[in-house]
Amino acid sequence: MQIYVVSAGDTIYQIASRFRVSPDQIIYDNQITFPDRLTVGQALLIQEGNEIGSSYPLVTGGYAYPFIRPWVLQSTLPYLSELLIFSYGFTLEGTLVPPQLDEEWMIQTAISYRSRPILVLTPFDETGKFNNYLVHTVLRDPARKEQLLFSLLSTVQQKNYSGVDIDFEYILAEDREIFAEFVSETSELMRANGYTTSVALAPKTSRDQPGLLYEGKDYALLGAAADQVLLMTYEWGYTYGPPMAVAPLPNVRKVVEYAITEIPPEKIRLGIPNYGYDWALPYERGVTVAQTIGNIEAVDIAITHEAEILFDPTALSPYFYYTENGIQHVVWFEDIRSMQAKFELIKDFNLNGVGYWQIMKLFRANWILLAENFSIQK
């Protein structure tokens with residue numbers, strides 16, 4: 001299996017002949033659309049034979065909403081140990097609020113592919129945003145917290161989930177310990193009934209890192225409380241921020257380097273973005289809003305505008321510029337080169353697994369490459 005970067009004048013059929021593989025295989029693996037055009041700098045995955053993948057065991061997970069297209073889910077589940085269904089919220093009384101769309105079809109589909117369905121719990125308010133007042137109020141009231149724990153266990157049992165993933169963000173610094181205590185109590189309850197508990201962690205690089213995103217997350221306490229943790233190592237480039245890679249590798253590495261000082265590597269899963277952003281230029285803070293796009297969509301945009309895809313040697317991420325209606329744009333996204341760099345990082349630190357945010361758009365070459373690098377644990 002190789003990664004080939006397209007040069008000027010290349011065609012799929014020339015590349016296929018060079019590697020002695022089927023053009024149809026290249027087209028399928030890389031989701032190339034008719035009329036099979038390429039652009040300079042595009043990274044292609046080339047399968048040269050039925051090679052045996054790595055023996056490195058890896059737990060793989062992907063977040064998905066109930067409105068995911070069934071064919072996308074079915075194409076992805078062979079590569080997932082866990083399907084994290086996003087998401088359940090809860091009220092001030094501690095009562096669970098289910099997703100707006102029924103998720104039971106996703107649970108049954110996951111089970112049919114031997115993937116474990118996981119209930120994702122978030123403190124969303126009626127606007128669909130994280131609400132730290134909700135966390136503060138419910139977790140500090142024993143009766144409300146008990147009701148939330150009871151509701152969680154009941155739902156997991158009734159709907160045939162395999163566990164819970166706790167994704168609380170923007171927790172107040174004063175709630176750091178009570179949040180860790182809640183994760184510990186959830187883990188004990190789930191474990192006693194044969195279920196697992198994981199917790200999502202903001203990407204910290206030091207214990208006392210300032211900022212609302214970080215202060216309520218104590219890596220040591222949460223690592224001890226949960227069965228597994230997910231490092232949310234993405235969103236350096238984000239909707240309202242300046243153009244840059246979503247998950248630049250040096251930044252990701254710094255988070256992992258800190259995490260392993262607080263949490264055993266066998267409990268850590270690396271978060272990976274399955275998306276990119278398109279910024280209109282010039283960027284103006286408070287005004288510019290980047291558009292979220294899929295990785296395959298990003299390549300299609302580059303092809304449409306005959307833009308050369310560049311690759312940042314520091315961030316180890318692809319990007320390109322294009323002009324539309326007189327406005328210049330820059331796109332940062334993920335390709336198989338940036339994914340391979342993250343897979344190597346997992347091996348370097350002997351991490352337990354990987355978690356994708358999110359799997360709503362199919363990135364087939366990524367999954368094929370993942371299976372080549374690791375032995376996916378079902």
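A residue is called buried when its relative accessible area is under 20%, exposed when that area is over 50%, and partly exposed in between. By this rule Glu-185, at 25% relative accessibility in this predicted model, counts as partly exposed.

Glu-185 belongs to the contact between two helices, and this pair is described before the others. Two packed helices are described by the angle between their axes and the distance between the axes. Helix α6, which covers residues 142-159, packs against helix α7, which covers residues 176-192, at an angle of about 40°, and the two axes are 11 Å apart. The crossing of these two helices, α6 and α7, is right-handed. On the side of α6 the contact is made by Lys-145, Leu-148, Leu-149, Leu-152, Leu-153 and Val-156, while α7 contributes Glu-181, Phe-182, Glu-185, Thr-186, Leu-189 and Met-190. Sorted by class, the residues in the contact of α6 with α7 comprise 8 that are nonpolar, 1 that is polar and 3 that are charged.

Side chains of opposite charge can pair when their charged atoms come close. Within the contact of α6 and α7, Lys-145 takes part in a salt bridge with Glu-181, at 3.4 Å from N to O. This pair links distant parts of the chain, since Lys-145 lies in helix α6 and Glu-181 in helix α7, 36 residues apart. Lys-145 has a relative accessible area of 10% and is therefore buried, whereas Glu-181, with a relative accessible area of 40%, is partly exposed. Lys-145 also meets the side chain of Glu-185 in a salt bridge, at 3.1 Å from N to O. Because Glu-185 lies in helix α7 and Lys-145 in helix α6, this second pair ties together parts that are 40 residues apart in sequence.

A further helix pair is formed by α9 (residues 249-262) and α11 (residues 336-348), which pack at an angle of about 20° with their axes 11 Å apart. Angles under 35 degrees count as roughly parallel, and α9 and α11 are therefore roughly parallel to each other. The crossing in which α9 passes α11 is right-handed. Leu-249, Val-252, Arg-253 and Val-256 of α9 make this contact together with Ala-341, Lys-342, Leu-345 and Asp-348 of α11. By class, the contact of α9 with α11 has 5 nonpolar and 3 charged residues, and no polar ones.

Across the whole structure, a search finds 18 salt bridges. One of them joins Arg-269 to Glu-82, with the closest N and O atoms 3.0 Å apart. Since Arg-269 lies in strand β10 (residues 268-273) and Glu-82 in strand β4 (residues 82-90), the pair ties together parts that are 187 residues apart in sequence. Both partners of this bridge, Arg-269 and Glu-82, are buried.

Burial can also be followed along a helix. Helix α12, which spans residues 364-373, is mostly covered, with 8 of its 10 residues buried. The buried residues of α12 are Arg-364, Ala-365, Asn-366, Trp-367, Ile-368, Leu-369, Leu-370 and Asn-373.

Terms used
Residues are numbered from 1 along each chain as its sequence is written. This is a predicted model: local features need pLDDT of at least 70, side-chain atom pairs count only at pLDDT 80 or more; totals for chains, interfaces and linings use all residues. Side-chain values use heavy atoms; hydrogens and water are left out. Axes are lines fitted to C-alpha atoms, for helices over the stretch in contact, and angles run from 0 to 180 degrees between N-to-C directions. Helices (H or I, at least four residues) and strands (E, at least two) are DSSP runs, numbered from the N terminus. A crossing is left-handed if the near helix is turned anticlockwise from the far one by less than a right angle, and right-handed if clockwise. Contact means heavy atoms within 4.5 Å. Ala, Val, Leu, Ile, Met, Phe, Trp, Tyr, Cys and Pro count as nonpolar, Asp, Glu, Lys and Arg as charged, and the others, Gly among them, as polar. Angles under 35 degrees count as roughly parallel, over 145 as roughly antiparallel, 65 to 115 as roughly perpendicular and the rest as oblique. Buried means under 20% relative accessible area, exposed over 50%, partly exposed in between (1.4 Å probe, protein chains only). A salt bridge is a side-chain nitrogen of Lys or Arg within 4 Å of a carboxyl oxygen of Asp or Glu.
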